[in-house]
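Hi,

Here is the structure I said I would pass on. Have a look at it first, then read my notes below.

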Amino acid sequence: MFDQAAILQAVTGGKLAQLAEITERYANPAHSVAHGGHVRTIAAGHYAVAGLSRHVRLGEFVAHRSATGIHLGEVVRVEPEVVYVCPIEPGEPIGIGDTVIRKGAFRVAPDDSWCGRTINALGDPIDGRGPLVKGRVKRSISNTAPPSMTRSRVEKGFMTGVRAVDIFSPLCLGQRLGVFAGSGVGKSTLLSMLARADAFDKVVIALVGERGREVREFIEDTMGAHMAKAIAVVATSDESPMLRKMAPLVAVTIAEHFRDQGDNVLFIVDSVTRFAHAIREVAVASGEPPIARGYPASVFTELPRLLERAGPGAEGAGTVTAIISILVDGDNHNDPIADSTRGILDGHLVLDRSLAEEGRYPPINPLASISRLARKAWTPDQEKLVSRLKALIHRYEETRDLRLIGGYRPGSDPDLDMAIKQVPVIYEVLKQTPGEQPSADAYADLATALRNAAGQAPQAARQRG
């Protein structure tokens, strides 16, 4: 432990104000100068600090004073003599003997005025619109999920405006849904369409590992006017793995703040796969061995910690409805991250590349997608209808090759005859672009299209006759 004079000497040189600003983000400011250490060894991805082993805990943050200023790092490993720290900022200059001070848990103080703003993973604004107003309550980004028996039940369905979702995989407030797809299939576009749902008071978006050029396009073009009730937390692909790991944690902490105020919040992560990749980079750099296709065990510990924080709050509070995109490597829907998240979430939408190649957007496969809470959103009649629609689609798809080679004779199977007439109409109804007005009633749109198709068939037969 350093004495007071040593600490004051460590923060002189014009850096005291910067250190004080960082200190405001942490749980107990009294700890900010209580315990210090120094850099002993430096390696790629982390550095070792002596003198802090008895005073810090795994996951806490420290402040490192270098020649360029005060920089943050997270404790990723604790040993009797040294602790290992992963720097937050890429390219931080680190020297042997540099001073490192314990900070505690990283905290943010959300406020209603943050709506419409874009911030980074450290909670700082990056939209050029001035500083953020700090809220009255500071929250640790490492919070745990509410106890299961104190949470309210998920009961109320809502309309997203996306017909393929509202008919086949309807959602409820407080539900957690995964969007599974390979690269370039349309995950981000579908997320932006879902973000426009009128059921939510606030929208919190975590863009993790995104291309830098796409961030502004997503916020200004895709979200547009809907950004007025949204907060975007951004960590682009060129930023450090620590920032990419922190972005969803900061975003879900903001969502929890609004939920506790009674708001219904939509929490979007694009994508949780890149969040898992960031955890893997940090864990491997700290010496953790991989156990499943290169992923260490901590990845499968952190995923449920993040996802379980979404959902309904306590009785009387609001809800956090989570829509999480999962990038499946090589279109393999059974890779470790996809398989793990599918078991945690309350449903999944599968985006099919073949449907995208046919020009059917959003390319949601209605047979492979499922909402585990659909029965809470469907009426009994709607449930029967959707069951019948899925049977027709399945019959239509399984006989596609047979029909293409001319092996089917009309009239031999009434169900298939109906499927051939109705499924192409269903597919047309499910097509929707981001520029279209959200559907107010997906079932009414479907019924109108089927009636029109049924009325046109006799007319076409008369014309042929």
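Right after helix α7 comes G287, and its phi is positive, near 100 degrees. Keep in mind as you read that this is a predicted model.

Helix α7 itself covers residues 272-285. Its 14 residues should span 20 Å at 1.5 Å a residue, and because the end C-alpha atoms are 20 Å apart, the two values agree. Plenty of α7 is tucked away: V272, T273, F275, A276, H277, A278, I279, V282 and A283 are buried.

Now jump along to helix α14, residues 414-430. From first C-alpha to last, its 17 residues reach 24 Å, close to the 24 Å expected at 1.5 Å a residue. So where does α14 bend? The bend is at Q422, by about 35 degrees, and a proline, P424, follows within four residues. The buried residues of α14 include L416, D417 and A419, along with V423, V425, I426, Y427, V429 and L430.

Zooming out, the protein chain has 15 helices and 21 strands. Its C-alpha atoms fill a box of roughly 100 × 40 × 40 Å along the principal axes. How many of the 465 residues are buried? That would be 52% of them. If you look at contacts with a separation of 6 or more, 73% are between residues 24 or more positions apart.

On the outside, the accessible surface is about 20,700 Å², and carbon and sulfur atoms account for 52% of that. As for charge, there are 54 positive and 54 negative ones, and their mean positions are 2 Å apart.

Cheers

Definitions and conventions
Residues numbered from 1 in each chain as written. Predicted model: local features only at pLDDT ≥ 70, side-chain atom pairs only at ≥ 80, totals over all residues. Heavy atoms only, no water. Helix = DSSP H or I, 4+ residues; strand = E, 2+ residues; numbered from the N terminus. Buried < 20%, exposed > 50% of the residue type's maximum accessible area, 1.4 Å probe, protein only. Contact = heavy atoms within 4.5 Å. Areas by Shrake-Rupley, 256 points an atom, 1.4 Å probe, with all protein chains shown as cover. Lys, Arg positive; Asp, Glu negative; His and termini not counted. Charge placed at Lys NZ, Arg CZ, Asp CG, Glu CD. Expected span 1.5 Å × (residues − 1). Bend = angle between axes of the 7 residues up to and from the residue.
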